[in-house]
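Open the model in your viewer and keep the sequence panel beside it. The stops below each begin with something to select and then say what is to be found there.

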Amino acid sequence: MFVEGRQCNTCKANYYRLEAVNPRGCSPCNCNPVGSDSTVCNRLTGQCPCRGGVITDLQCKPKILSLNPTYGPDIGGTLVTVQGLLLGNQTSNIFVSIDDIPQTVVSVNDNRLVFNTSKNNETAITTSMVKVSWLQDSGVINSDIKFLFKPNPVIYPSNISAIQSFVSAGIPVFVYGDNLQSVMFPLLKVVDVSNPNKEAVGTCKHNPSNVICEIPNVKELFKSPQDMLQVNLVFDGVVVRNYLNMTVKPDPVFDDMGTIRFQYPFEDTITLTGQGLNSAGNVKDYSVLISVVHCAIQSVSDTNIVCKPAITPLSGETKQIIEIQIGNIRRRVGTLEYLKLHETTNFIIIICCISGGILLIILAVLLIIFCRRRRCNKKASSTFENLDSKKVSDETASPPEYTEAVTMVVTQPKQNGELVRMETVIKEPKLAFVNSQADDSFFMDEFLPKLEAGLREEVRQCFIGGGHFAVGRNVIVKGQQAMLTDGSLQNKSSGQKLTIKTLINPITAESTLPMWANLALTECLRLKRHKHMHVLSILGIGVDRERFHILYPCMSQNFLKAIVADLDKKFSARQLLSFAQQVAEGLCFLTSKEITHKDVAARNCMVDENGLVKLSDASFSWDFYPDEYVYDEQRERYLPLRWMAPESLSDGYYDMRTDVWSFATLIWELMTRGCLPFHEVSNENVKQYITSGYVLGKPDTLSDPMYELMCRCWSLENEYRPSIGDMTRGLGDIIGTEDDIYENLVSYSNSASPKHFSSAQEGR
């Protein structure tokens with residue numbers, strides 16, 4: 001009997017769980033000698049004291065969790081790491097086998113076991129079970145993870161015998177052969193010929209047709225440029241010694257360039273200087289970055305690098321950081337300042353030359369006038385006749401598109417010889433639409449008084465009469481009050497196509513326009529003076545006798561929202577993020593002009609015929625996309641609640657970082673192919689939902705780094721959000737890592753799990 005006590009009601013040591021049905025009274029503990037600290041278990045539960053407090057089961061049996069790598073070549077030599085629990089700490093007591101073939105144990109502790117694979121004698125590709133056992137009577141672990149033996153790699157000889165590398169540079173070495181994919185973690189080793197025990201190890205990565213290995217930092221091996229080092233390849237058990245010979249050159253020295261003033265179009269390249277710039281490596285291993293944009297390298301010599309930067313700065317910032325990268329060497333060497341045309345030295349010289357030429361012409365004209373002054377009176381009559389005939393000719397010809405009036409004074413002699421002062425009007429061209437008198441009268445007398453007083457002057461400056469444009473018949477989007485359609489300018493010098501927002505119903509005879517019409521005009525005027533390749537500003541405001549029309553340059557592909565929501569179109573993640581980057585550049589430009597957009601969303605971005613995305617104003621967006629707006633009675637306008645930052649919802653506060661919040665929501669729209677944010681939440685509850693700290697979940701098509709960047713934009717604290725410039729640079733870095741693979745991305749769908757749609761922010 002395994003009980004004790006006066007009443008035989010307690011299990012002895014090494015036994016547990018007293019049961020009446022058990023003929024022996026208690027059951028033995030059977031504590032595993034490898035995983036437990038002693039053989040004595042808990043007398044009630046039977047739990048053995050597992051080493052380190054890590055419990056796998058009652059007996060504290062060792063447990064295998066994972067195997068890495070899970071394959072290797074038949075020749076063996078693969079260093080395999082087994083992750084587990086309570087594996088022990090004595091290599092002499094542990095035995096590893098694959099198909100009963102012993103493997104060499106390198107090291108072991110409770111959480112990790114490392115062993116080297118032995119040679120596989122099977123001729124075909126085999127998958128074998130990994131078994132672990134101990135010398136003590138503790139059983140055998142048959143892991144569920146199997147190890148796959150693959151054909152041995154065959155490495156072709158290098159087509160070059162020697163290479164040169166800088167001390168720190170990760171110059172790539174391309175390795176070709178057969179069955180290279182049989183090894184998960186190939187290595188490149190650089191060995192000192194005079195002391196083979198000293199080596200530097202570089203990593204390799206697989207490509208479909210080859211393996212690319214990086215030369216590691218050889219600072220510990222480098223003595224002088226005359227020393228010869230040996231490059232070896234280690235593909236597990238397949239070792240190729242002396243694959244290449246290598247000479248090492250000291251790292252290049254880059255000069256501090258300070259601020260380089262880039263004077264495009266008078267120059268299109270910049271020169272960076274230093275010493276030993278091309279003493280090692282190939283030109284293809286060099287790159288020059290202007291912020292995050294590559295500067296196209298034209299030439300490299302020992303003392304300079306010449307490259308061609310982009311002609312316009314990223315995000316509108318005139319000063320950009322210059323960095324040079326050669327393998328692992330990356331140095332900041334200065335700043336590139338983009339000069340505007342009028343700031344360049346050559347432009348100033350040209351203007352001075354032109355001014356000097358004009359001055360010489362004026363002096364010559366004055367000299368001619370002075371010389372002919374005595375004959376002017378004799379020819380006054382003929383001068384007037386010629387001028388009068390020119391006036392008649394001008395009146396019969398078609399009037400120019402853009403004109404302004406200039407008064408000219410001449411004299412005519414009467415028969416009695418007295419000179420009489422005469423005036424006539426000649427028309428000279430200028431850049432403005434000339435509207436008909438009827439259009440001007442209707443605009444000034446009937447339309448302009450209907451507007452709010454603060455709008456009238458700005459609308460007057462943008463006014464284009466009905467005779468200068470035509471509204472097309474192709475209705476793209478139609479709301480209750482307005483529609484988006486095509487159109488064109490009608491002047492003689494241009495048949496420019498237009499995109500037009502126009503009213504559905506004619507303007508009534510009421511004394512003032514309704515509030516929504518005034519708000520639409522106010523909104524479209526906000527961006528009118530700001531020109532940027534990713535910002536859409538109006539050409540003007542057309543007015544006829546029935547309606548006003550907001551005129552834009554032609555955006556033939558219409559709204560970005562409609563493009564990404566069309567599931568018949570296939571986009572890669574990189575393409576969708578590139579749309580977002582173009583919007584970011586436009587928003588960055590507006591921020592530099594101290595303009596807050598207040599409604600950054602895919603519906604307020606349009607795409608031209610070349611696929612260029614432009615951030616537009618939000619006039620009539622509430623009418624075109626009514627499901628995305630909620631009417632706020634207190635503010636007397638429609639608000640895009642699902643895109644708004646918490647402080648905008650609660651206090652009506654907007655700044656550049658509330659635009660950053662909305663921009664992150666725009667990215668979510670693109671990656672979900674046009675889904676409505678928080679679409680499982682009603683309009684009545686979405687404001688409370690956002691201000692309580694809930695954010696949009698991660699779509700399956702979005703990478704982890706991109707989602708982490710978006711979550712920073714959704715910080716409840718305004719000052720903790722990144723700037724739009726930071727977002728632009730972050731997008732550029734992330735887009736460079738995305739695979740340009742076309743996938744049939746589908747719309748984002750709800751899930752019962754919060755992590756797939758929205759989750760409360762923590763730690764804020």
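Begin by selecting residues 104-108 and 112-116, which are strands E10 and E11, paired in the antiparallel sense over 4 bridges; strands (E, at least two residues) and helices (H or I, at least four) are DSSP runs numbered from the N terminus, and two strands pair if DSSP finds at least two bridges between them. This is a predicted model, in which local features need pLDDT of at least 70 and side-chain atom pairs count only at pLDDT 80 or more, whereas totals for chains, interfaces and linings use all residues. Residues are numbered from 1 along each chain as its sequence is written, and side-chain values use heavy atoms, with hydrogens and water left out.

Staying with this pair, note that E10 and E11 form a hairpin with 3 residues between them. Show Val108 with its bridge partner in E11, Leu113, and then Val105, whose bridge partner in E11 is Phe115.

Widen the selection to the sheet around the hairpin, an open sheet of 4 strands in the order E5-E7-E11-E10 with antiparallel pairing. Strand E5 (63-68) and E10 stand at the edges with a single partner strand each, so one side of each has no neighbour in the sheet. Direction ignored, neighbouring strands of this sheet are turned by 25 degrees against each other on average.

Next, select residues 347-371, where UniProt, in an unreviewed entry, places the feature "transmembrane region"; UniProt positions follow the numbering used here, feature names are shortened, and annotations may be inferred rather than shown by experiment. Over residues 347-371 the model is 100% helix and 0% strand, with the end C-alpha atoms 36 Å apart.

Move on to Ile541, which is found in strand E37 (residues 540-543). Is Ile541 buried or exposed? Ile541 counts as buried because its relative accessibility is 0%, where buried means under 20% relative accessible area, exposed over 50% and partly exposed in between, with a 1.4 Å probe and protein chains only. Leaving aside residues up to four places away in sequence, Ile541 touches Val459, Cys462, Phe463, Ile464, Leu521, Cys524, Leu525 and His549, contact meaning heavy atoms within 4.5 Å. Ile500 is 41 residues from Ile541 in sequence, and their C-alpha atoms are 9.7 Å apart.

Now select the open sheet of 3 strands with the order E39-E40-E41 and antiparallel pairing. Its edge strands are E39 (558-559) and E41 (613-615), each of which pairs on one side only. E39 is joined to strand E40 (residues 605-607) by 2 bridges, and Asn558 has Val607 as its bridge partner in E40. Add helix H7 (residues 573-592), which lies across E40 and E41 and runs at about 35 degrees to E41; axes are lines fitted to C-alpha atoms, for helices over the stretch in contact, and angles run from 0 to 180 degrees between N-to-C directions.

For the last local stop, select helix H12 (residues 704-713) and helix H13 (residues 724-735), whose axes come within 10 Å and cross at roughly 170 degrees. That angle makes H12 roughly antiparallel to H13, a label for angles over 145 degrees, with under 35 counting as roughly parallel, 65 to 115 as roughly perpendicular and the rest as oblique. Pro705, Met706, Leu709 and Cys713 in H12 meet Met727, Gly730, Leu731 and Ile734 in H13.

Finally, zoom out to the whole protein, which has 13 helices and 45 strands. Of its 764 residues, 44% count as buried.
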